[in-house]
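Hi everyone, thanks for coming. I'd like to walk you through one structure today, piece by piece, so have the picture ready.

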Amino acid sequence: MLIDYKNVNITQVDGKEVLKGVNMHVDDGEFVYIIGRVGSGKSSLLKSLYGELDIDEADCATVLDNDMLTIRRKAIPRLRRKMGIVFQDFQLLADRSVENNLRFVLRATGWDQRDKIEERIDQVLDAVGMSDKRTKMPYDLSGGEQQRVAIARAILNRPELIVADEPTANLDPVTADGIMDILCAISDLGTAVIMSTHNLPLLDKYPGRVYQCKEGKMEQM
């Protein structure tokens, strides 16, 4: 099991409780949605998975074999290298090209053989349909193209888990479908995807297990 949450309480940095008694599990290759209104706790839940928010109380809170109740700050970078994180606002480095964004991540996570780095960049850009944009700067790309690059960045280290926070929120329906096709293909290959969204029609078109955040609780639908 990649994620095992039992009676987890999630609070913001200022101490305000966002979600209480969260029970959730995610296995290999699953596609899991977190839905709910703005401010319902979706993003806070996802942040707790990669150590951005601490968990103060739980019966069990494990992510990729890490106990999130006791994990040390110095162990969090290692945890994050085992997952891919896709943000709503892309968070690409604006001062470097697509390939240099990806090269930066690989070097930062221990890749040191140039031929292996270039091969991996080719692979992930091909996987998201962006091979012809390799030398482009982020500001030359559309929102959908930037999100494709962000997904390419997320899968560089062949993660066991993708955490995607509203990855289609700022995209038109056709572009959003393209992003969903990529995420579903990643899931089909065995990488679990947990994704927050308020775009409910996606759930019918791209089925997955669904949890809803509402009034300080999270329940499986």
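**A walk through the model**

Let's start at a small spot: right after helix 1 comes Gly-51, and its phi is positive, near 80 degrees. Before we go on, keep in mind that this is a predicted model, so everything I tell you is computed from it.

Back up a little to helix 1 itself, residues 42-49. How much of helix 1 is covered? Mostly covered, it turns out: six of its eight residues are buried. Those six are Lys-42, Ser-44, Leu-45, Leu-46, Ser-48 and Leu-49. Hold on to Lys-42, please, as that name comes back later.

Next, some strands. Strand 1, residues 3-11, and strand 5, residues 60-63, run antiparallel and are joined by four bridges. If you want to find the pairing on your screen, look for Tyr-5, whose bridge partner in strand 5 is Ala-61. Strand 5 also pairs with strand 6, residues 66-67, again antiparallel, over two bridges. There, Val-63 has Asn-66 in strand 6 as its bridge partner. Strands 5 and 6 make a hairpin with two residues between them, and in that hairpin Leu-64 has a positive phi, near 50 degrees.

Now for another sheet. Which order do its six strands take? Reading across, you get 7-8-9-3-10-11; the sheet is open and the pairing is mixed. Strand 7 (83-86) and strand 11 (217-220) are at the edges with a single partner strand each, so each has one side without a neighbour in the sheet. Going from one strand to the next, the twist averages 15 degrees.

At one end of that order, strand 10, residues 209-214, pairs with strand 11 in the antiparallel sense, with four bridges. One pair to look for is Tyr-211 with its bridge partner in strand 11, Gln-220. And there's a helix on this sheet too: helix 6, residues 173-188, packs on it and touches strand 3 (31-35), strand 8 (161-165) and strand 9 (192-197). The directions of helix 6 and strand 3 make an angle of about 135 degrees.

Let's zoom in on strand 9, where I picked two residues. Ala-192 is in this strand. Is Ala-192 buried or exposed? Buried counts as under 20% relative accessible area, and Ala-192 has 0%, so it is buried. Setting aside residues up to four places away in sequence, Ala-192 touches Leu-2, Val-26, Asp-27, Gly-29, Glu-30, Glu-160, Leu-161 and Ile-162.

Thr-197 is in strand 9 as well. Its relative accessible area is 1%, so Thr-197 is buried too. Beyond its neighbours within four places, its contacts include Tyr-33, Ile-34, Ile-35, Glu-166, Leu-202 and, here's our old friend, Lys-42. The side chain of Thr-197 also has a polar atom 2.9 Å from the backbone nitrogen of Asn-199.

Now over to helix 4, residues 114-127. This helix has 14 residues and reaches 20 Å from first C-alpha to last, close to the 20 Å expected at 1.5 Å a residue. Which residues of helix 4 are buried? They are Ile-117, Glu-118, Arg-120, Ile-121, Val-124 and Leu-125. These residues cover an arc of only 160 degrees around the axis, so they sit on the same side of helix 4. Here's the general idea behind that: an α-helix has 3.6 residues a turn, so residues three or four places apart point the same way.

On the other side of helix 4, Asp-115 and Asp-126 are exposed. And what covers the buried residues of helix 4? Helix 3 (98-108) and helix 5 (143-154) are included in that cover. Just like helix 1, helix 4 is followed by a glycine with a positive phi: this one is Gly-129, near 70 degrees.

One last stop, Ser-97, in the loop between strand 7 and helix 3. With 7% relative accessibility, Ser-97 counts as buried, even though we're in a loop. Its contacts, leaving aside neighbours within four places, are Arg-134, Thr-135, Lys-136 and Met-137. Ser-97 and Lys-133 are 36 residues apart along the chain, and their C-alpha atoms are separated by 9.0 Å. Compare that with Ala-192 and Arg-96: 96 residues apart along the chain, with 30 Å between the C-alpha atoms.

That's my tour, thanks for listening!

Note on methods:
Residues numbered from 1 in each chain as written. Heavy atoms only, no water. Pairing = 2+ DSSP bridges. Axes fitted to C-alpha atoms, helices over the stretch in contact; angles between N-to-C directions. Contact = heavy atoms within 4.5 Å. Expected span 1.5 Å × (residues − 1). Buried < 20%, exposed > 50% of the residue type's maximum accessible area, 1.4 Å probe, protein only. Arc of directions from axis to C-beta. Polar contact = N/O pair within 3.5 Å; in protein donor to acceptor, adjacent residues only side chain to side chain.
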